[in-house]
Amino acid sequence: MALFKRRTAGKPGEWYYCLKHGTVEEGPQCRAADRFGPYGTREEAAHAMETARERNEEWREDPRWNDGDRDDEGSGDKKG
């Protein structure tokens, strides 16, 4: 038995997507930095990367978070 190797016990019904292995896990099996979740179903966890891409695109297009293209505003190096 290894010392200091305590893992969080998995809970039935909690699903995670492991970024390191590209697999769906029931309960946390890999370290937190390597997974998305928890998700309510295996199906949701299986689509974790797609969901993340969709949310990232929504945030990129959201005017509340988009101050405009920096190239249109100039570089801020005004001379004169």
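The following questions and answers look at a buried acid, a pair of cysteines, the salt bridges and a nonpolar core.

Visitor: What kind of model is this, and how are its residues numbered?
Guide: This is a predicted model, in which local features need pLDDT of at least 70, side-chain atom pairs count only at pLDDT 80 or more, and totals for chains, interfaces and linings use all residues. Side-chain values use heavy atoms, with hydrogens and water left out, and residues are numbered from 1 along each chain as its sequence is written.

Visitor: Which side chain of opposite charge is nearest to Glu25?
Guide: Glu25 lies in strand S2, residues 23–26, strands being DSSP runs (E, at least two residues) numbered from the N terminus, as helices are (H or I, at least four). Glu25 is buried, where buried means under 20% relative accessible area, exposed over 50% and partly exposed in between (1.4 Å probe, protein chains only). Lys and Arg count as positive and Asp and Glu as negative, while His and the chain ends are not counted. Glu25 has no salt bridge, and the nearest side chain of opposite charge, 5.8 Å away, is that of Arg35.

Visitor: How many disulfides does the structure hold?
Guide: A disulfide is a pair of cysteine sulfur atoms within 2.5 Å. Cys18 is buried at 0% relative accessibility and Cys30 at 15%, but the sulfur of Cys18 has its closest cysteine sulfur, in Cys30, at 3.5 Å, which is too far for a bond. The number of disulfides in the structure is zero.

Visitor: Which residue meets Glu57 in a salt bridge?
Guide: A salt bridge is a side-chain nitrogen of Lys or Arg within 4 Å of a carboxyl oxygen of Asp or Glu. Glu57 is partly exposed at 34% relative accessibility, and its partner lies three residues apart from it, about one turn of helix H2 (residues 48–61). With N to O at 3.2 Å, that partner is Arg60.

Visitor: How far apart are the closest N and O atoms of Asp62 and Arg64?
Guide: Asp62 is buried, with a relative accessible area of 14%, whereas Arg64 is exposed at 67%. The two form a salt bridge, and the distance between their closest N and O atoms is 2.7 Å.

Visitor: Which residues make up the largest nonpolar core?
Guide: A nonpolar core is a set of buried Ala, Val, Leu, Ile, Met, Phe, Trp, Tyr and Cys residues joined through side-chain atoms within 4.5 Å. The largest has five residues, namely Trp15, Tyr17, Tyr39, Ala45 and Ala48.
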